[in-house]
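Biologist: Could you walk me through this model, starting with a pairing inside one chain and then moving on to the ligands and the contact between chains?

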Amino acid sequence: MDFNIVIAGEAGQGLKTVEAMLTKTFSRHGYYLFSTKDYMSRVRGGHNFMQIRISDEKVEGPDEGIDLLLALNEESVEIHNSEMNEDGTILSEVESDKDEMVYIDAKGLAKEVNPRAVNTVFVGAAFKIMGLPTDQAEEAVKEHFAKKESVVDDNLELLKQGYQAVDQLYNLKDLGEKEDRMVIDGNSAVGLGALLGGLSYYTAYPMSPSTGILHYVASKQEELGIVVEQSEDEIASINMALGGTYAGMRSMTGTSGGGLALMAEGVGLAGITETPIVIADVQRPGPATGLPTRTGQGDLLFAVNIAQDEFPLMVLAPKDQEDAVYQTFRAMNLADKYQIPVIILSDQFIGDGSKTIPVIDTSDMKIERHLVDPAEVEGEYKRYKFTEDGISPRAYPGQLKDNIVLLDSDEHDEYAHIVEDAETRDKMVAKRNKKMEKLAAEDLLEPEYTGPESPEYILVGWGSTAGPLREGRKILADEFEIGHLAFNDVWPLPTETLEELASTEAKLVFVENNAGAQFDRLVRSETGIKADYNILKDDGRPFSGQEIYRRFKEEVSK
Amino acid sequence: MVDKNIYQADRETAWCPGCGNFPLRTALADALAELDLKPEEITMYTGIGQAAKMPHYIKVNGFNGLHGRSLPPSIGMRVANPEMTVIVESGDGCSYGEGGNHILHNIRRNPDIIHLVHDNQIYGLTKGQASPTSLEELRTPVQTHGVNAEPLNPVEFAVGMKASFVARSSVGDREHLKEMIKEAKKHKGYALIDIFQPCVSFNKINTYQWYNKRVYKLEDHDPTDHAAAMKVAQEFGDKIPIGIIYREEKPTFRDRIPYLKDKALVDRDVEVEDLKFLIDEFK
Ligand SMILES: Cc1ncc(C[n+]2csc(CCOP(=O)(O)OP(=O)(O)O)c2C)c(N)n1
Ligand code: SF4
Ligand SMILES: [Mg+2]
């Protein structure tokens, strides 16, 4: 069972409220859900929509055909008409004698009660059409308006009136609330992973689609007693965050491509000063301003090559909202362990989208700061002490009695003093690079392979395409022996699994949300392995499973 | 008072003989000693430039970061550890040029830090181009016919923004400079000291003599009177005032985060177990 609902209207019409109420209610009825947002970079007008896909099984990405369209304005009916499934229904205020159109006088009903709560009429009607009771929806209304109690009754009344105004058309069942699940959007997921990791200082400048992280962590700052500071620009963001780490706090920053470009020199600073930092890049299509509210995977090669010269750096990409929590937590530990910058490549698809996931399991999550034990420091402290694995004991100012802690962005000696001699330079470069070797040997995640033992084809993806690829592979598996290889860590590149699979007869199909096949290029330069086929998409929209199926048939199997 | 030798302010440097940075370093070490601060109780944030090398030439905690970015990393220490003395120190180019946006916004934040600007009215390290404070008549390999912009008067700018402490001093008067640094330390909030520091190698206009002839110590000036301070701040010609130009007690960056109280976030010690309620909110 799979049911796809689209809420469409213009910015400022309150789509988010409708989505919030529907999402909560479906969850409480025991459905898995996946929601995506397609909105324009404007505060009023334009055409925006949100898609909520529900199922009694796990859902991994958006769906194409619409079962129920809640058209909050007339334009939405015209725009989405052609996407309706055969027995789909359009709920709108447009009178029509077409079979699929259900009319509701939402404004008329709302006028009598509270004109501002007009969307709740749609919500009530939607539940009746789907065949679900309103008890959970009532709870959702109460919770949603908990801070504006005066309007709760109006909304409950309009929910009821909406419910009564239409007929039941589908037969969705209450599956019973499931305790072991939660619903989270990807931006909150990154924030949650960081907070669970002991984040104490987050500095960022607002930029779509990363602002959700900033808003989420800021909403928790007073309760947790931590500090979230809006910086004057992204150059400040990263330099502030680095100062936070230096001062002894777990610190982080987040942005999107343009901001990441401004941070570039600061990432190099983290590299040479060996200051741990986590940077979340919630990708949107670029370059420059690009498509501010849409999705893409165009920052990969930029992230990997973010600053001049070479330094240890890790780049990883969460596969979905659940993974974003764990990966961000992991990134904080790894940044501290290796004293390196770690870039998390999320994107608008994950960041703005919400998904039902198993409740986060903290049993294996442990904060590991890797700070020096002051008892082990003898004599004058060397911030950049030469060690076997290249990792020097890290201290923060004030931690060591009678000792100071010095960092330097110039090339330096073990004490952090400026040097220019070739010998020390060589030794310091080698020291820093050794950390990468250890990281590759001990902490790299090999990509996850799903599929038959000897496939004809392997779909290769990284980060957020994982969900749509899983669904696409399922459809394709009826016709082909086909596997799926999903990468989390992209830099340094884990090569073992890939090399093993590439040595078979299987044809590699790289699927990416960019135009230039960036991951294919990265893999090629690191391993010599290259894609047999590329399925690429750079229109700012995420893949769906069906689209992958279709494009595979058109471009690969032909 | 601690022994001033503890700061090792006699270390070898890469500064030119006769450079104004030497007396500046001495005045700083003297002030710190009189303030009775141990090296580990002070953290210095610098950018890049000749001035910015200070944490290598004096023993204190140091974050020698990027050109123009001396201010942003210092804010974290204000969150992490309210006890630490924080000094931001850099050149005029670094502080007012490349880092211009940060000074503007940190005056607004008013963190409790001391900001020492070595104002030699030139880019020293890159060998003598104009800085934001260079006089229009300065000729350089780039500014071949003089500077195509008016000089910034940083003191006027800061007083105009009502920065909570604004002073000017000159390395030509080490005693005065030392006192200014001590006053800046005593002040709670952002304290800017613009310090005349002759660059003997590249700035042939603003020499020791040029400064000594012009500077005079402010007397009978009420630094809490903004209108009077504005007037004094605008004086920059044959006569240039040194001293505390403007001072206003106001909420600091930390004061504006009331829930921090006197907590040092560096001491925050949490376990994932303590934070599990965050997960429950998504159920
Ligand atoms: C991003 C960046 N741009 C340019 C430089 C080159 N640079 C180093 S110091 C400097 C100017 C130094 O002038 P100032 O800050 O006044 O310091 P001074 O040497 O005069 O003490 C410049 C342009 C750099 N290091 N980084
Ligand atoms: S270049 Fe100028 S400022 Fe730099 S050390 Fe030499 S004299 Fe001093
Ligand atoms: Mg200068």
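Modeller: In this predicted model, the side chains of Arg28(A) and Glu143(A) meet in a salt bridge, at 3.1 Å from N to O, where a salt bridge is a side-chain nitrogen of Lys or Arg within 4 Å of a carboxyl oxygen of Asp or Glu.

Biologist: Which parts does that pair tie together?

Modeller: Arg28(A) lies in helix H1 (residues 15–28) of chain A and Glu143(A) in helix H5 (residues 135–144) of chain A, so the pair ties together parts that are 115 residues apart in sequence. Helices (H or I, at least four residues) and strands (E, at least two) are DSSP runs, numbered from the N terminus.

Biologist: And how many salt bridges does the structure hold over all chains?

Modeller: Over all chains, the structure holds 55 salt bridges.

Biologist: Before we go on, what are the ground rules for numbering and confidence?

Modeller: Residues are numbered from 1 along each chain as its sequence is written, while chains are lettered from A and ligands numbered from 1 in the order in which they are written. Because this is a predicted model, local features need pLDDT of at least 70 and side-chain atom pairs count only at pLDDT 80 or more, whereas totals for chains, interfaces and linings use all residues; side-chain values use heavy atoms, with hydrogens and water left out.

Biologist: OK, ligands. Where does ligand 1 lie?

Modeller: Ligand 1 lies between chains A and B, and of the 17 residues around it, Gln50(B), Asp92(B), Gly93(B), Cys94(B) and Gly124(B) come nearest; a residue is near a molecule if one of its heavy atoms lies within 4 Å of it. Helix H4 (residues 92–98) of chain B gives the largest share of that shell, 4 residues.

Biologist: Which polar backbone atoms are 2.7 Å or 2.8 Å from its oxygen atoms?

Modeller: A polar backbone atom of Cys94(B) is 2.7 Å from an oxygen atom of ligand 1, one of Gly93(B) is 2.8 Å from an oxygen atom of the ligand, and a backbone N or O atom of Gln50(B) also lies 2.8 Å from a ligand oxygen. The protein covers 79% of the 590 Å² of accessible area that ligand 1 has on its own, as computed by the Shrake-Rupley method with a 1.4 Å probe.

Biologist: What about ligand 2?

Modeller: The residues around ligand 2 include Trp15(B), Cys16(B), Cys19(B) and Gln50(B), and Gln50(B) is also among those that come nearest to ligand 1.

Biologist: Switching to the chain contact, how much area do chain A and chain B bury between them?

Modeller: Chain A and chain B bury about 4700 Å² between them, 63% of it on carbon and sulfur atoms, where buried area is the accessible area (1.4 Å probe) that two parts lose on being put together, summed over both. The contact, meaning heavy atoms within 4.5 Å, takes 64 residues from chain A and 51 residues from chain B.

Biologist: How many salt bridges are there between chain A and chain B?

Modeller: The count between the two chains is 3 salt bridges, and in one salt bridge the side chains of Arg109(B) and Glu229(A) meet at 2.6 Å, N to O.

Biologist: Last topic: where are the cis peptide bonds at Pro209(A) and Pro492(A)?

Modeller: A cis peptide bond joins Ser208(A) and Pro209(A), with omega about -5°, and Pro209(A) is placed in the loop between strand E8 (201–204) and helix H8 (211–219) of chain A. The bond from Trp491(A) to Pro492(A) is cis as well, with omega near -5°, and Pro492(A) lies in the loop between strand E19 (489–491) and helix H17 (496–502) of chain A.

Technical notes:
Polar contact = N/O pair within 3.5 Å; in protein donor to acceptor, adjacent residues only side chain to side chain.
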